[in-house]
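Student: I would like a close look at one part of this protein, with the reasoning laid out step by step.

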Amino acid sequence: MAIIARQIMFYLFLLGSLALVSCRANAAFHPVVRRGRGGFGGGPVPGETIFNVLQYGAKPGGKMDSTEAFMQAWVAACHWRGKARLLIPEGDFLIGQVTFQGPCNCPTPIIVEVAGNLKAVTDISEYSSPEWVTFEDINGLIVTGGGTFDGQGDSVWQYNDCGSNSNCQLLPTSIKFNSITNGNLRGIKSVNAKSFHIAINRCDRFRAFGLRITAPEDSPNTDGIHISSSNFVKISKTKISTGDDCISVGQGSTNISINKVTCGPGHGISIGSLGKYQDEKDVVGIIVKNSTLLNTDNGLRIKTWPGSPPSEAKGILFQDIIMKNVKNPIIIDQLYCPSGSACRSQPSKVKISNIHYRNIRGSSYSPLGVNLMCSPEFPCQNVELFDINLQYSGPQKKVSDVSSSCSNAKVGFGGIQIPPPCQ
């Protein structure tokens, strides 16, 4: 009996050893998971599983390409049947083009916590399309963590000729959200994008807040946030300093809210450009409030291409805006045609109506503070200017006050009017 007992104990020991070896062998392919007990979004949540990119082979230090490790970690998190969080810890990580593709199996939302500093591969030949990091086809997504997306655009801006070549090669957008429902982007920093910093396309119920977006003021086409074909998007409590539009709202965008945004330097906050392509959808229901523009090349701008196909931009409110040394503070430009573009001679067919500017105050670096250049074929309808107070701050000593100009526009005025209403 003693011999049999010893044999049983030996076999149990052997099985335990094999199981331990098996677990260690598989550790490189499965997450070392832990159960969270903290708050939602900012820290682990009860019952969630953490998928740390380090456990899939990501190499901090910013020298070795970790793209494959990021992809493996995402696939594991997205296919998990329980609550899942993709964790990118502190440290520098070099990654190339990557798509975090849905739909996912895990309960919504899936959380992507970016605590580290992501650096984009600089070789443009490694990008098959003009995006760096893409989140696509996901219902329920939170991207958070206070980390940084560094596009390393200073390595390629010299090759950007889009200012003079309408058929230029587009450089990669740093972060693109494509077909996201119930998305949330919070507390993230984006620096030196090769092209646009953030693009929100075909999204529904998407919120972005607490962002910091920066690039040199002479960096080409580095729009802060571009929204297109999306519904119910809210942007708030964000600071943007770039070489192009701080925020641009493109075709097909509806029910967009922009609140408490500080913009500058850059090209201001723009609706458009609209009308460049066939079959563009209308832009309806845009609100820009409680925001500040500092030393921007434009302020609040609506821009459409001449000779455009028919579409509409309507129901747009700009309210409680502070401007400091802003060129072209209030401008509707239906003759928009950047240098190098093939400009058409026909009037724009984008109908602009129900546009409201309320409580716009501060200083204009341009002698012309209000400039409404609307289409002669479809004049702007129901444009309201109420409580406009813009003092001249430019270099021309002979100019004491700003002026206004309106063409092909039906405008109503009320409250303070500085500059005086255009005739």
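Student: Is D150 buried or exposed? Please take the residue together with its partner, and then follow the other salt bridges from there.

Tutor: The model is a predicted one, and in it D150 has a relative accessible area of 12%; the cut-off for buried is under 20%, so D150 counts as buried. The partner of D150 is K119, with which D150 forms a salt bridge whose closest N and O atoms are 3.3 Å apart. K119 lies in strand 6, residues 117-120, while D150 lies in strand 8, residues 148-150, so this pair ties together parts that are 31 residues apart in sequence. K119 is buried as well, because its relative accessible area of 19% falls under the 20% limit.

The K119 and D150 pair belongs to a wider set, since the structure holds ten salt bridges. Another of them brings together the side chains of E113 and R85, at 2.9 Å from N to O. Here E113 sits in strand 5, residues 110-114, and R85 in strand 2, residues 84-88, so that the bridge ties together parts 28 residues apart in sequence. R85 counts as buried at 1% relative accessibility, and E113 is buried too, with a relative accessible area of 16%. This pair also has a further link, in that E48, R85 and E113 are joined in a network of salt bridges.

A further bridge connects R301 with D245, the closest N and O atoms being 3.1 Å apart. R301 is in strand 20, whereas D245 is in the loop between strand 15 (231-241) and strand 16 (247-249), so the pair ties together parts that are 56 residues apart in sequence. Both ends of this bridge are buried, R301 at 8% relative accessibility and D245 at 2%.

Strand 20 leads on to the largest pocket, because strand 20 (300-304) is among the elements that give two or more residues to the lining of that pocket, together with strand 9 (173-186), strand 11 (198-201), strand 14 (225-228) and strand 18 (269-274). The space in the largest pocket comes to about 1,200 Å³, and of the 40 residues that line it, L170, F196, N221, K276 and Y277 are the closest to its centre. By residue class, the lining is made up of eleven nonpolar, 20 polar and nine charged residues.

Apart from the charged pairs, there is a largest nonpolar core of 94 residues, in which F135, F177, I225, F318, Y357 and I360 touch the most other members. Leaving aside residues up to four places away in sequence, F318 touches I271, V288, L300, I302, I355, H356, Y357, R358 and I360.

The backbone deserves some attention too. Most residues other than glycine have a negative phi, and most peptide bonds are trans. Against that background, N325 in strand 21 (residues 311-326) has a positive phi near 55°, and N359 in strand 23 (residues 350-364) has a positive phi of about 55°. N325 is partly exposed, with a relative accessible area of 29%, and N359 is likewise partly exposed, at 25%. Two cis peptide bonds can be added, one joining G102 and P103 with omega about -5°, the other running from T108 to P109 with omega near -5°. P103 lies in the loop between strand 4 (98-101) and strand 5, and P109 lies in the loop between strand 4 and strand 5 too.

Methods: Residues numbered from 1 in each chain as written. Predicted model: local features only at pLDDT ≥ 70, side-chain atom pairs only at ≥ 80, totals over all residues. Heavy atoms only, no water. 1 Å grid on protein atoms, 1.4 Å probe; cavity = no way out; pocket = protein on both sides within 12 Å on 5 of 7 lines; lining within 4 Å. Points joined across faces, edges and corners; volume = space filled by probe spheres on them. Helix = DSSP H or I, 4+ residues; strand = E, 2+ residues; numbered from the N terminus. Nonpolar A, V, L, I, M, F, W, Y, C, P; charged D, E, K, R; others polar. Core = buried A, V, L, I, M, F, W, Y, C linked by side-chain atoms within 4.5 Å. Buried < 20%, exposed > 50% of the residue type's maximum accessible area, 1.4 Å probe, protein only. Contact = heavy atoms within 4.5 Å. Salt bridge = Lys/Arg side-chain N within 4 Å of Asp/Glu carboxyl O.
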